Amino acid sequence: MENQNSASLGCTHCACNNPMWNILEEELFHPEKILKTAEGLTHQVVPEALSLVISGGTIRPLTDGRMDTVEAIGIHDGKVIATGSKTAVEAEMLKQGIVFKFKQLRDYEVLLPGFIDPHVHIVPTALLMGWLDLSRFDNQKLKPEYTPDTIGSIIKKERNGPNKEKYDKGAWLLGKGADPALMPFVYDPNAANNIGLTTFTCDSLDEIVNDVPLLMLSASMHTAYVNTKALKLTYDHTPDISDKMTFEEYKASNHGQLQEGVGMEPALKTIPLTQLSEMVIGCFSHLKAFIAEANKRGNTFLYDAGMNDAFKSLLKIYLHFYPNNIRIGAAKMCSSQKDADKLTPYEPVTEYSDIYYGNAKIISDGSNQGLTGYQSEHYCCLPDSKGKFNFTTDQDPEPVEVPAPYRALLNTIAIKWGWPLMTHANGDEAINFTIKVYEEVIKNQTGSPVRHRIEHASLLSDQNIKDMKRLEILPSFLIGHVGYWGYAFRTAIFDEKAEILDRCKSALDAGLRISLHTDCEVTQLGPLRMMEQSITRIMEAAPGNPEDHVLNAAECISPEQALRAVTTDAAYHCYAEKWVGSLAVGHFSDFVILKQDPLHLPSNYMKMRDIEVLETWKGGVMVHQLSVPEPVLNNA
């Protein structure tokens, strides 16, 4: 299979800014189409919240982030009524006139607050669940082998499998999650270390399948790789292209690598409308499966990091008909100055409601494994590029000072309208720009203080960390960068610069409250896996014994710190600490019961992520059950 220099890759590998949905908004999200998907749905029965006194095992409410254990916890009407000794909890329940039952934990069982993922993309993940999975992920782990041939085998099996007749009749083969940064490196004489990243061309994809159109999205959905059949159909169906050049010229201009909205739009709009419609028609069943997976992993709260009106409409309809098994907060997407100008004054979050807005979301650059995170210096494997900053001028495409459009956007959102900022910044220069503007914003912002976040915050210098503490900026780390892509960063992409990746320990030592997130579906839902990766910092894609490859061990954090990062501090990041993140009295009774204690494992690597989530409860209702629990005992 043909491999090309990564200079042609150009995808951002981040779910935050996704041109696909902008392109297909009319086809997929027309209000009539959204309403049509709800036809025939009926309200599903929601179980009543139980009134229980739970005791036994190990119970950690994490009140105020403390790791103390209590003997019992009492819940009623979806809230925590009391924690402490079993006698005291029973007494408080009786004092309030609550009729309750007992639930006894086994000795090895551990009850913790429900886990929180403070940065996911719910609807985009659900919409693509019907596409062929071409990622390297096997649940929480990496597949041991992942090459262009691996992807080729999956595609060929689909082409000749049960859906063969559909493809014979003209359907496109649609795949997602292709990730060159997780494939074996290739020789590149132009790279600093002669090491480059694999990519795909229409010619290399023709070797996999050439008789039906093939389109596969990169992990970020910012690049569509197509074979010649799909490229030719795109050319034939797009007069704006075919009137200007021959097909051979079109193919030579992109080699089947369609970048960003401009390149992807013609191909996406050539896919048969019936296939696009299937994405929305199947959305509710996929949302149900997605939320069930979140519950299976112990999540009781998800914070969507890119909500727009169309996504919110779909989710509202879903929550109207289906059991509401997850709590949802969101950041409102602001992709442009036009979006910012249409905002209304920020209203502080005082009570929980589904899909409440806590922040406005901005995307400053791309991603580092996609070679588009905006850097202060060139990539090792792409020595003619510093990446991409999303708010530049034609006169200054590689700025060394904060671009004026970026400053104007953030000032409008934060100073004019008073919104907390939630800014995606991966590259070190993007982070520098963001902190500079945040400082200006914070100095000029009036009213009650708000919590500004930097998402991913991948490459932090000592000065960045000092500035973030001084300004009380919250970093949320995509810790899978270390566990999954750490080896690629250290070997091919950054060299020694990778040592400052995801500096969780330094941020905590400086007094910052951090959170860990998945950016799902960039990485899979998995709070225990995220904890493990922050504790071990083992580069899982390294050859030989991965445990011999730790990325900057000084940045490893403790199990207790990792647990706070997916519970109490994650709740703080989402303006949700008054309801979730701990099992303090008055909080929602959202909790998990684990088969092992993540704070006391003899070994963490590839062990913590495998701890079984026996039960997940949301508001006093069991929403996930791995095994049949002990029967509830006698009435009080």
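Helix 18 and helix 19 are roughly parallel to each other in this predicted model, and their packing makes a convenient place to start. The axes of helix 18 (residues 428-444) and helix 19 (residues 462-471) cross at roughly 25 degrees and come within 11 Å. Because angles under 35 degrees count as roughly parallel, this pair takes that label. The crossing of the two, helix 18 and helix 19, is left-handed. On the helix 18 side, the residues involved are Ile431, Asn432, Ile435, Glu439 and Ile442, and these meet Asn464, Asp467, Met468, Arg470 and Leu471 of helix 19.

A second helix pair offers a useful companion. Helix 9 (residues 228-236) and helix 11 (residues 247-254) have axes that cross at roughly 120 degrees and come within 10 Å. That angle makes helix 9 oblique to helix 11. The crossing of helix 9 and helix 11 is right-handed. Helix 9 contributes Thr228, Leu231, Lys232, Thr234 and Tyr235 to the contact, while helix 11 contributes Phe247, Tyr250, Lys251 and Asn254.

Turning to the strands, an open sheet of five strands is arranged in the order 6-9-12-13-14, and its pairing is mixed. Its edges are formed by strand 6 (132-133) and strand 14 (257-259), each of which pairs on one side only. Within this sheet, strand 9 (residues 173-178) and strand 12 (residues 214-218) run parallel and are joined by four bridges. Here Gly175 stands opposite Met216 of strand 12. Helix 12 (residues 260-268) lies across strand 12, strand 13 (223-226) and strand 14, and runs at about 120 degrees to strand 14.

Strand 12 also leads into the nonpolar interior. In soluble globular proteins, nonpolar side chains tend to be buried together. The largest nonpolar core of this model has 181 residues, and Ile155, Leu215, Ile413 and Ile493 are those with the most contacts inside it. Helix 15 (residues 309-321) supplies the largest share of this core, eight residues. Leaving aside neighbours within four places in sequence, Leu215 is in contact with Trp131, Trp172, Leu173, Leu174, Gly175, Ala224, Tyr225, Val226, Ala267, Leu268 and Ile271. Apart from the largest core lies another, of 13 residues, with Ile54, Ile75, Leu111 and Ile593 among them.

The strands around these last residues can be followed one by one. Seven of the eight residues of strand 1 (residues 52-59) are buried, so strand 1 is largely enclosed by the rest of the structure. Strand 1 runs parallel to strand 4, to which seven bridges join it, and Leu52 stands opposite Lys101 of strand 4. Strand 1 also pairs with strand 2 (residues 70-76), in the antiparallel sense and over five bridges; the bridge partner of Val53 in strand 2 is Gly74.

Strand 4 (residues 101-113) in turn pairs with strand 22 over four bridges, in the antiparallel sense. In this pairing, Val110 has Leu594 of strand 22 as its bridge partner. Strand 22 (residues 591-594) is covered on both faces: Phe591 and Ile593 are buried on one side, and Val592 and Leu594 are buried on the other. Four bridges also join strand 22 to strand 23 (residues 613-618), and these two run antiparallel. Across this pair, Ile593 stands opposite Glu615 of strand 23. Ile593 thus has a place both in the core of 13 residues and on a covered face of strand 22.

Note on methods. Residues are numbered from 1 along each chain as its sequence is written. This is a predicted model: local features need pLDDT of at least 70, side-chain atom pairs count only at pLDDT 80 or more; totals for chains, interfaces and linings use all residues. Side-chain values use heavy atoms; hydrogens and water are left out. Two strands pair if DSSP finds at least two bridges between them. Contact means heavy atoms within 4.5 Å. Axes are lines fitted to C-alpha atoms, for helices over the stretch in contact, and angles run from 0 to 180 degrees between N-to-C directions. A nonpolar core is a set of buried Ala, Val, Leu, Ile, Met, Phe, Trp, Tyr and Cys residues joined through side-chain atoms within 4.5 Å. Buried means under 20% relative accessible area, exposed over 50%, partly exposed in between (1.4 Å probe, protein chains only). Angles under 35 degrees count as roughly parallel, over 145 as roughly antiparallel, 65 to 115 as roughly perpendicular and the rest as oblique. A crossing is left-handed if the near helix is turned anticlockwise from the far one by less than a right angle, and right-handed if clockwise.
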